[in-house]
Amino acid sequence: TAPQEAPDPALAAKGEYETVLTQAQLEAWIGKLNDAEAFAFDTETDSFDPLCANLIGISVAVEAGHAAYMPFGHDYPGAPQQLPRDTVLHALRPLFADANKRKLGQHGKYDLHVLRCHGVDVHGYDDDTMLESFVWNAGASRHDMDSLAKRYLGYDTVTYEDVAGKGAKQIPFSHVALDDATRYAAEDADVVLRLHAALRPKLAGEPSLERVYREIEM
C-alpha cells in the first residue's frame, strides 16, 4: 500500500469552473492561456482508443482552483448551443504548437494522440503527473488521477461514473449534461495543476529521481 502523503490544505479546496459557450468566453480564455507560462489540459472523447476517438471537448487550467471546459460535441436533446469544434481548435492550435508554452497533463500520451488525429500538434509537453507519481512512488499500485488526487491532495474527484453512469446504463460523454460535464472535465485540468504543484518539489529534491523522470520517463 502506498504511504499516505500529508496534503497541502490549499490544494484540497473545491474549484470554480466555467463552461465556454460564447466567442467572447473563448477569446478571454485564449488570453489567459497566452499570458500564462504553462497550462494544464485534458481532452474528452467518445472512445478509449485514441486513434479513432472523436473529440467532445477540451478543458484547460492556468491556476489551481480555476479551470474551463470548452465543449463542442454534446448532442443530447436540449443541449445548449456550443461553439463549432473547428472554431475552438483553430483558437487553441497556436498555443499547443508553441514549444515555449509549457503544457501539463495526466497520461498525456492519449491526449496527444487524440489531438494529433484532429490536426493539432502539441509541442512543449513538459510534465505528466502520472509519470511524476510513478517515478516518485513506483511501488504504488495505482497512478490514475482519482487515486493521486486522494493520495497527494486529500481531494475526492468527480469520477467518470459519477457523471456518465456505469455498466449497461452508462451513457456516452456526448450525452452528459454540460453542467456535469464541466464539473468533471474542468476539474481534471485543475487537478493536474494541483498534482504537479504537490509532486514537482518532491522530484526536484531528489536529483537521481529527477533524472529518471526527465531523461527516461518523459
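# Briefing: a mixed six-strand sheet and its helices

Aspartate 190 is buried, with a relative accessible area of 0%, and this residue is found in helix H7. The model described here is predicted. At its centre for this briefing is an open sheet of 6 strands, in which the pairing is mixed and the order is E1-E4-E3-E2-E5-E6. The points below take up the sheet and its strands, then the helices that touch it, then two buried residues of H7, and finally the contacts that H8 makes with H4 and H7.

**The sheet as a whole**

- Strand E1 (16-19) and strand E6 (125-128) stand at the edges of the sheet, each with a single partner strand, so one side of each is left without a neighbour in the sheet.
- Direction ignored, neighbouring strands of this sheet are turned by 25 degrees against each other on average.
- The pairing of E1 with E4 is parallel and runs over 4 bridges, and within this part of the sheet glutamate 18 stands opposite alanine 68 in E4.

**Strands E2, E3, E4 and E5**

- 8 of the 8 residues of E2 are buried, so this strand is largely enclosed by the rest of the structure.
- In a regular strand the side chains alternate between the two faces of the sheet.
- Both faces of E2 are covered, with Ala38, Ala40, Asp42 and Glu44 buried on one side and Phe39, Phe41, Thr43 and Thr45 buried on the other.
- Strand E2 (residues 38-45) pairs with E3 in the antiparallel sense over 6 bridges, and serine 59 in E3 is the bridge partner of aspartate 42.
- With E5, by contrast, E2 pairs in the parallel sense over 3 bridges, and here arginine 102 in E5 is the bridge partner of alanine 38.
- Strand E3 (residues 55-63) is mostly covered, since 7 of its 9 residues are buried.
- E3 also pairs with strand E4 (residues 66-71), in the antiparallel sense and over 5 bridges, and isoleucine 58 stands opposite methionine 70 in E4.
- The hairpin of E3 and E4 has 2 residues between the strands, and in this hairpin glycine 65 takes a positive phi near 95 degrees.

**Helices H3 and H4 against the sheet**

- Helix H3 (residues 108-117) packs on the sheet and touches E2, E3 and E6, while its direction makes about 70 degrees with that of E2.
- Gly108, Tyr110, Asp111, Leu112, Val114 and Leu115 are buried in H3, and what covers the buried residues of this helix includes E2, E3, helix H2 (85-97) and E6.
- Glycine 119, just after H3, takes a positive phi of about 80 degrees.
- H4 lies across strand E5 (102-105) and E6, and runs at about 50 degrees to E6.

**Two buried residues of H7**

- Leaving aside its neighbours within four places in sequence, aspartate 190 is in contact with Gly15, Tyr17, Ala61, Glu63, Ala64, Gly65, His66 and Ala67.
- From C-alpha to C-alpha, aspartate 190 and threonine 87 are 23 Å apart in space, and they are 103 residues apart in sequence.
- Histidine 196 lies in helix H7 (residues 178-204) and is buried, with a relative accessible area of 10%.
- Not counting residues up to four places away in sequence, histidine 196 touches Arg102, Leu104, Asp127, Thr129, Glu132 and Pro201.

**Helix H8 and its contacts with H4 and H7**

- Two packed helices are described by the angle between their axes and the distance between the axes.
- The axes of helix H4 (residues 129-136) and helix H8 (residues 207-217) come within 10 Å and cross at roughly 135 degrees; H4 and H8 are therefore oblique to each other, and their crossing is right-handed.
- On the H4 side, Leu131, Glu132, Phe134, Val135 and Trp136 meet Leu209, Val212, Tyr213 and Glu217 in H8, and by class the contact of these helices has 7 nonpolar, no polar and 2 charged residues.
- H7 and H8 pack with their axes 7 Å apart and at an angle of about 115 degrees.
- This second contact is made by Arg200, Leu203 and Ala204 of H7 and by Pro207, Leu209, Glu210, Tyr213 and Arg214 of H8, which by class gives 5 nonpolar, no polar and 3 charged residues.

Methods: Residues are numbered from 1 along each chain as its sequence is written. Side-chain values use heavy atoms; hydrogens and water are left out. Axes are lines fitted to C-alpha atoms, for helices over the stretch in contact, and angles run from 0 to 180 degrees between N-to-C directions. Angles under 35 degrees count as roughly parallel, over 145 as roughly antiparallel, 65 to 115 as roughly perpendicular and the rest as oblique. A crossing is left-handed if the near helix is turned anticlockwise from the far one by less than a right angle, and right-handed if clockwise. Contact means heavy atoms within 4.5 Å. Ala, Val, Leu, Ile, Met, Phe, Trp, Tyr, Cys and Pro count as nonpolar, Asp, Glu, Lys and Arg as charged, and the others, Gly among them, as polar. Buried means under 20% relative accessible area, exposed over 50%, partly exposed in between (1.4 Å probe, protein chains only). Two strands pair if DSSP finds at least two bridges between them.
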